[in-house]
Amino acid sequence: MELHAQCEREALRAFMARAFKDDEQQYQQQLKDRLDSKRAELCRRNEQASSDRCSALLQELSQELEERICEGSYSVPGGYQRLLDDQREMVERYWLGPEKGIMAAEVLQQFLKSKETAAQAILQADQSLTDRQREIEAERARAEAAERVAQLRKEMQAKTEQLLQDQERSHQEHVQQLTARMEEDRRKMLAEQQRMLDLKLQEQERLLREGFRGEAAGLEKELQKLRDEMSRCRSSEPCVLF
């Protein structure tokens, strides 16, 4: 997001420096849409890279666990508890793995969900567990699942808030640069109007010196009209709509 914001500011500066008569901000909006599309694509690729990395890591860490399940190592009294312990250890090793990215919690949740059927089969085969023990383990599993879901929702909310903040920053950047451009255009217009006013005043003085009072009086109307235009230009505020 930080790198995108830097590149977006540079793109806006280049656009504003070269833009010509984009009074309706049509092409500036097209630029903003393209930048937003680029950001969305990079976010999607980032999520995909994170998902691929996390899936590969889980595949590697769960290989031994899968072999034990296939060999029937957990299909014995106490096997369900052993499975939970091994699974919990695997999850701890997973969280210690580097460079998992923003999809770590969601990929882990999907992985654990895919193993629920096998876990339930092992639980049913585990005749040594008492009813109370099974209840405790089920409650613990539900609590862990609820915790994972809560963590996932928290991460999703943080991602949404970050995206909204970035969109607001992008909007403000567009507004600020366009406002500055419009203010610069207004200053140039006032300077040009002042130059024309000075020239007409000089012309009026020349006419008065040469005795052409009628022509000088007629020129006064043009001078007043120009003064009115300059007054309106000074008092107007730049208006930027998105």
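Helices are taken here as DSSP runs of H or I with at least four residues, numbered from the N terminus. The exercises below concern a predicted model.

**Exercise 1.** Determine in which helix Lys32 is found, and decide whether Lys32 is buried or exposed.

*Solution.* The first step is to place the residue along the chain: Lys32 belongs to helix α2, which covers residues 26–61. The second step is to compare the relative accessible area with the cut-off, and because buried means under 20%, the value of 13% for Lys32 puts this residue in the buried class.

**Exercise 2.** Describe the surroundings of Lys32, stating which residues it touches when those up to four places away in sequence are not counted.

*Solution.* With that exclusion applied, the residues in contact with Lys32 are Ser170, His171 and His174. A separate backbone distance can then be added, since the C-alpha atoms of Lys32 and Glu8, which lie 24 residues apart along the chain, are separated by 8.7 Å.

**Exercise 3.** State how many cavities of 30 Å³ or more the model contains, and characterise the lining of the largest cavity.

*Solution.* The count comes to 1 cavity of 30 Å³ or more, and the volume of the largest cavity is about 40 Å³. Its lining is made up of Leu65, Glu66, Ile69, Leu83, Gln87, Phe111, Lys115, Ala118 and Ala119. Two or more lining residues are given by each of α3 (63–71), α4 (79–96) and α6 (116–125), with α3 supplying the largest share, 3 residues. Sorted by residue class, the lining of the largest cavity comprises 6 nonpolar, 1 polar and 2 charged residues.

Conventions: Residues are numbered from 1 along each chain as its sequence is written. This is a predicted model: local features need pLDDT of at least 70, side-chain atom pairs count only at pLDDT 80 or more; totals for chains, interfaces and linings use all residues. Side-chain values use heavy atoms; hydrogens and water are left out. Buried means under 20% relative accessible area, exposed over 50%, partly exposed in between (1.4 Å probe, protein chains only). Contact means heavy atoms within 4.5 Å. On a 1 Å grid over the protein atoms alone, a cavity is a set of points where a 1.4 Å probe fits but cannot get out, and a pocket is an open set with protein on both sides within 12 Å along at least five of seven lines; lining residues have an atom within 4 Å of a point. Grid points are joined across faces, edges and corners, and a volume is the space filled by probe spheres set on the points. Ala, Val, Leu, Ile, Met, Phe, Trp, Tyr, Cys and Pro count as nonpolar, Asp, Glu, Lys and Arg as charged, and the others, Gly among them, as polar.
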